[in-house]
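Before reading on, please look over the sequence and the structure displayed below. The report concerns internal space, charged pairs and surface character.

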Amino acid sequence: MDSADDEDFTGLPCDVSYDPGLGGEEDFHYFGGGGEDIPDGNEVLAGEVIDYFPEPPLAYEDAYTFLELFDADENSVYRKTNLYYPFSSRRDWQLAAWLLRSGLSMGKIDSFLSLEMIKDLPLSFRSARELHSQAEMLPSGPRWKSQVINTSHPTKSPVIMYWRDPIECIASIFNHPLFHRHMDLTPRKIYSTAERLCHVYTGWMSGNDAWDMQSAIPKGATLLGTILSSDKTNITALTGDRIAHPLLISLSNIHMNVRLKSSTNSFVLAALLPVPKFIHKKKQMKGVLEDHLIHQCLNIVLEPLKQSTRHGVMLSDPIGCSRYCFTALASYIADTPKAMMLAAVGGKTLPVMMAMYKQFGDAFRHEPWTKSTTIAQLAVVHSRADPNDIEAYFREAQKFRLNGVDKSFWWDYALADPSRFLTPESLHHLHKEFFDHDTQWLICAPITSYRHFYSGISKLKQVTGRCEQEIQCYIIAISADAAPPRVIAAVCVLMQFRYLVQSPHIDKEDLGRISGALTEFHTNKDAILAAGARQGKGNRHIDNFYIPKLELMQSIIPSIHNSGIIGQCLLDHRQRGEEEGLDLDAEDSDIEADVETEDVPIDPTQHPHRTTNYFAIAKALQHQEVGSVPVPPCSFVDKCTAFHLGYDPSIRSITVDEVTIKFGLPDLQPAIADFLQCEATYGHQHVHSISGPRRAGSTAVLPFDKEMDFHDTHTIKPAQTLNCVPPNNPWILGRYDTVIVETSAGYPWPSSRFSGHTITQIRLIMRPIGKSGVQWSWKDRFLTYVQHFDLSNNRDPATRLYALK
């Protein structure tokens, strides 16, 4: 089949209006203006121009939509009279859905259903097996299969792989209406101006690989970029000690901001790759055999994708049009050790570059380790050793820095090259590198007496990506005076590099700044060694930068050219993949039954991580009857920000004088007096200025003197929690967070920058309680005391940050 419009096709091209995501008229330029949205939902900045691939993908009639597939189920006739069939009612379905998603084993579900209270309910199922039987009658998603894998060396237990057809997984994603207008199906080149001198990179379809792959497939065909991701995971809790590599699959055509939301379920669990225990007298050979097995399993699971990349496959898109699709491998997301195993390389080397261990600190990018290079090396190894003689073959492979895998999964995968599809990923290549190295360099500097974490960052273990991001927000500023200037400069430019490469919109000038930041680090890195900040175990000094993640930074710019902006963390999707995994704690007979029949369709209504809507809570509190809720409400809204304070105050019944001493605020009393005077003069809507002399004296009379409640502040977003804690152990100077506060009306943030705003530190949040019988204009509201900072006009030469004073 040479083209998409050969005689083999019975359908006719659909008459669709031009849409870069759906194909259509041959009008391949779009001039953005004013930040408006182009038809497929991507934002185009003012003045940018887009060149689409000159032969867009064609769409054909006679396909199916998601709902048509749903209604084609054999039981759809019963759902006309009972929407929840095969369950008897909505309540029956709700309980069934909860049990199926709860993660309970079949034995525990049986125990739950045997409770006397549950037996009294009018349920349509009375056992876990009946529940699963009814669930099997629901419209099917990709079906699970099991397969016994034959290995060349014995294992302690049979090797069983559970997997689903990846084409069915891709079809379920591609056909889902949730992703309509959130997918790019036409490769494009974006330029910042009409002169087309500055290339702009966004998603995968804006990179060079998508354009080149589209050129390699038949005219009118649709290119689907496949994303794979896997990581070794313990899939049993406390018992069984069973480990597997969950393999997730998605499409790079889906816009990244949609694909990375776990609630969209854009990543589907395609397989559980087994990790058995091999029986071999040499530990190293056990690792080699495990690598062999992973590639053997990937060859089985990904064979349908390989066939569709070579010959194409007809799939239905979200609007019910049929497309001739080619499923090229766009990205395989994995950490560095896993990437080396996937690239079939070993030893002290890298998966995408030919650099040796002692070249990891070089300030330039080494030659890429391409597919053709590896295949040529394997040909030499084959001529010297028999692949069935695992030890002899491994010895010969080591001479080429290979890991001994004779047939890697990508060797016959068209358009797939490990130097291209092993793309950088922010969690492992950026955030992990920061905590493993940058942070440790600064820990060796003198203590700065600032603690965000209770025991300090040097005591943190099993640090999450969120913790690493929190540390990145402040570590440069608080270390600026503690470490040598050139050490700070080196860490600062790496931080700049880290944030620049995560931009969702990168042009040629941005790439220049990214490259310049990396070059500047290499210029200053010798200061880290001179300061003795590069240390190993036992505080042993290290006099080199043989750091794999540091050298891999050299591959990020080429990856942006080829594949667009780098991918973000996939923790939520990996966690959901584990939740979708099979219940391997059950009896073996139950395992087989579950695998053969379980369906896990995409459910766009699932939201694994919900955020409390304090806007809604505050609105509901406003409409409550007077006297039905305590005042002032602890949840309230100011413009576009919702605040939520802990209901129980941290300190109760304390006088102003006691607060002045405890929090170290000598001007607290006159500050409150000035505030109340402004409120009485200008009204409650007045925006108060911050800083300046106090008009009231230290003996000013207040309408209250005691019974004040003080609160620690917390915002609605977990990453934006604000602290306001007086001096105590371990924070001997207190724990106060800094915020930007509006001081003049009419200056919206952030477009106004610092006009009408100032930088302050939250020192106190309180609720004054008035004296009995005293009338005053302001009560039943919370009051915040903040400390004003002046912004210096001079930047620190090392960090390039403004100083506050």
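What follows describes a predicted model, taking its cavities, its salt bridges, one contact between distant residues and one surface patch in turn.

**Internal space**

Searching the whole structure yields three cavities of 30 Å³ or more. The largest cavity holds about 180 Å³ of space, and it is lined by 18 residues, of which V352, L422, T423, P424 and S555 are the closest to its centre. Two elements, α14 (418-421) and α21 (556-563), each give two or more residues to this lining, and α21 contributes the largest share, with four residues. Sorted by class, the lining of the largest cavity consists of nine nonpolar, seven polar and two charged residues.

**Salt bridges**

Over the whole structure, 14 salt bridges are found. Three of them are set out in the table, each with the distance between nitrogen and oxygen.

| Salt bridge | N to O distance |
|---|---|
| D412 and K306 | 2.8 Å |
| E396 and R384 | 3.6 Å |
| R486 and D526 | 2.8 Å |

In the pair formed by D412 and K306, the closest N and O atoms are 2.8 Å apart, and the two residues belong to distant parts of the chain, since D412 sits in the loop between α13 (390-398) and α14 whereas K306 is in helix α10 (residues 303-311), 106 residues apart. How accessible is D412, buried or partly exposed? D412 has a relative accessible area of 25% and is therefore partly exposed, while its partner K306 has a relative accessible area of 0% and is buried.

The salt bridge between the side chains of E396 and R384 has an N to O distance of 3.6 Å. Here E396 is in helix α13 and R384 is in helix α12 (residues 371-384), and the two are 12 residues apart. E396 is buried at a relative accessible area of 15%, because this value falls under the 20% cut-off for burial, whereas R384 counts as partly exposed at 48% relative accessibility.

For the pair of R486 and D526, the closest N and O atoms are 2.8 Å apart. R486 lies in helix α17 (residues 485-500) and D526 in helix α19 (residues 526-530), so this salt bridge ties together parts that are 40 residues apart in sequence. Both ends of the pair are partly exposed, R486 with 37% relative accessibility and D526 with a relative accessible area of 38%. Elsewhere, salt bridges with shared partners join R384, E396 and K399 into one network.

**A contact between distant residues**

Q296 is located in helix α9 (residues 283-301) and counts as partly exposed, with 31% relative accessibility. Which distance separates the C-alpha atoms of Q296 and F409? Although these residues are 113 residues apart along the chain, their C-alpha atoms are separated by 7.1 Å.

**A nonpolar surface patch**

On the surface, I740, W749, F754, L791, Y802 and L804 make up a nonpolar patch, and together they have about 560 Å² of accessible area. One of these residues, W749, is placed in the loop between β21 (738-742) and β22 (757-767). With a relative accessible area of 43%, W749 is partly exposed; this value can count towards a patch because the cut-off for patch residues is over 30% relative accessible area.

Methods
Residues are numbered from 1 along each chain as its sequence is written. This is a predicted model: local features need pLDDT of at least 70, side-chain atom pairs count only at pLDDT 80 or more; totals for chains, interfaces and linings use all residues. Side-chain values use heavy atoms; hydrogens and water are left out. Patches are made of residues with over 30% relative accessible area and no salt bridge: like charges are joined within 9 Å, nonpolar side chains (Val, Leu, Ile, Met, Phe, Trp, Tyr) within 5 Å. Accessible areas come from the Shrake-Rupley method with a 1.4 Å probe; for residues, only the protein chains shown count as cover. A salt bridge is a side-chain nitrogen of Lys or Arg within 4 Å of a carboxyl oxygen of Asp or Glu. Buried means under 20% relative accessible area, exposed over 50%, partly exposed in between (1.4 Å probe, protein chains only). On a 1 Å grid over the protein atoms alone, a cavity is a set of points where a 1.4 Å probe fits but cannot get out, and a pocket is an open set with protein on both sides within 12 Å along at least five of seven lines; lining residues have an atom within 4 Å of a point. Grid points are joined across faces, edges and corners, and a volume is the space filled by probe spheres set on the points. Ala, Val, Leu, Ile, Met, Phe, Trp, Tyr, Cys and Pro count as nonpolar, Asp, Glu, Lys and Arg as charged, and the others, Gly among them, as polar.
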